[in-house]
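Me: Can you go through this one with me? I have a few short questions.

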Amino acid sequence: MAKTDDKLKFVGLSESMYQTGEYVEKNPTYHVEDSSWKAGQILQMLAKNHLEPRTVCEVGCGAGEILRQLQSQLPATTEFFGYEISPQAFALCQERANELLHFKCEDLLTADAPHFDLLLCIDVFEHVPDYLSFLKSVRRKAQHKIFHIPLDMSAQWVLRGRPILREREQAGHLHYFMKDTALAALRDAGYKILDTAYTAGAIDHPRSLKARLASWPRRLLTKVNQDLVVRVLGGYSLLVLAE
């Protein structure tokens, strides 16, 4: 069987959604409203593990707001690179670019890119058809990597069904993870897991009255058994530091 080109592994089905403009039609802000919160989670992970990267790359950087937020908090000499295959998202990046914050409308897997200190893969590989090949390829691009992985596979969502289908239709998720399968995927791709943390998006920034009401059982039960709450009620993602 002929070897599939790395670029096709990453893009694949994405050509019909991320490059034609379908994704931005469904998600016109490219989730900029969540970027400050996500950057805060990344900063906490870096501080906890005493990491001070001099070069930071984000694969699938969207509108580039996470990198802009990180630049405002990390040392002024840190250099940032964002790679994005969507022309529409790349256009949004341009207003954020500066001397040390660069954006490229390229596939990182095939780009002539330097080796980075830190690579960010924030809510990305659940969109990639051949995500294991993508993970294996991107592992070579940096010393340390931080992943943010939606944990869509909760008991509540499986029972209801519709939320998972909504993530597929609206957000383009092709794969659905719980903590154990997310970590297994990274290990299968050759990563060493250094640290993990749950991020509680459903608690920290609920987007409707119904979501705000649903956040209270999560808040209360998390004090008893957070792992169980994540598995049963959902509403969390997993932040992973790996090398």
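Reply: Go ahead; what follows covers a histidine, the cysteines and a helix, all in a predicted model.

Me: Where is H175 found?

Reply: H175 is in the loop that runs between helix 8 (162-171) and helix 9 (179-188).

Me: Is H175 buried or exposed there?

Reply: H175 counts as buried, because its relative accessibility is 18% and the cut-off for buried is under 20%.

Me: What does its side chain reach?

Reply: The side chain of H175 reaches the backbone oxygen of V128, at 2.8 Å. Beyond its neighbours within four places in sequence, H175 is in contact with F125, E126, V128, P129, Y131 and D152.

Me: Switching to cysteines. How many disulfides does the structure hold?

Reply: The structure holds 0 disulfides.

Me: Why no bond for C61?

Reply: The closest cysteine sulfur to that of C61 is in C93, at 3.9 Å, which is too far for a bond; a disulfide needs the sulfur atoms within 2.5 Å. C61 is buried at 6% relative accessible area, and C93 is buried at 0%.

Me: Now helix 9. Which of its residues are buried?

Reply: In helix 9 the buried residues are A182, L183, A185 and L186. They fall within an arc of 155° seen down the axis of helix 9, so they line one face of the helix.

Me: What covers the buried residues of helix 9?

Reply: The cover includes helix 6 (131-138) and strand 5 (142-150), along with strand 6 (193-199) and strand 7 (237-242).

Me: And what comes just after helix 9?

Reply: G190 is just after helix 9, with a positive phi of about 100°.

Note on methods. Residues are numbered from 1 along each chain as its sequence is written. This is a predicted model: local features need pLDDT of at least 70, side-chain atom pairs count only at pLDDT 80 or more; totals for chains, interfaces and linings use all residues. Side-chain values use heavy atoms; hydrogens and water are left out. Helices (H or I, at least four residues) and strands (E, at least two) are DSSP runs, numbered from the N terminus. Buried means under 20% relative accessible area, exposed over 50%, partly exposed in between (1.4 Å probe, protein chains only). A polar contact is a pair of N or O atoms within 3.5 Å; within protein, one must be able to donate a hydrogen and the other to accept it, and residues adjacent in sequence count only if both atoms are side-chain atoms. Contact means heavy atoms within 4.5 Å. The arc is that of the directions from the helix axis to the C-beta atoms.
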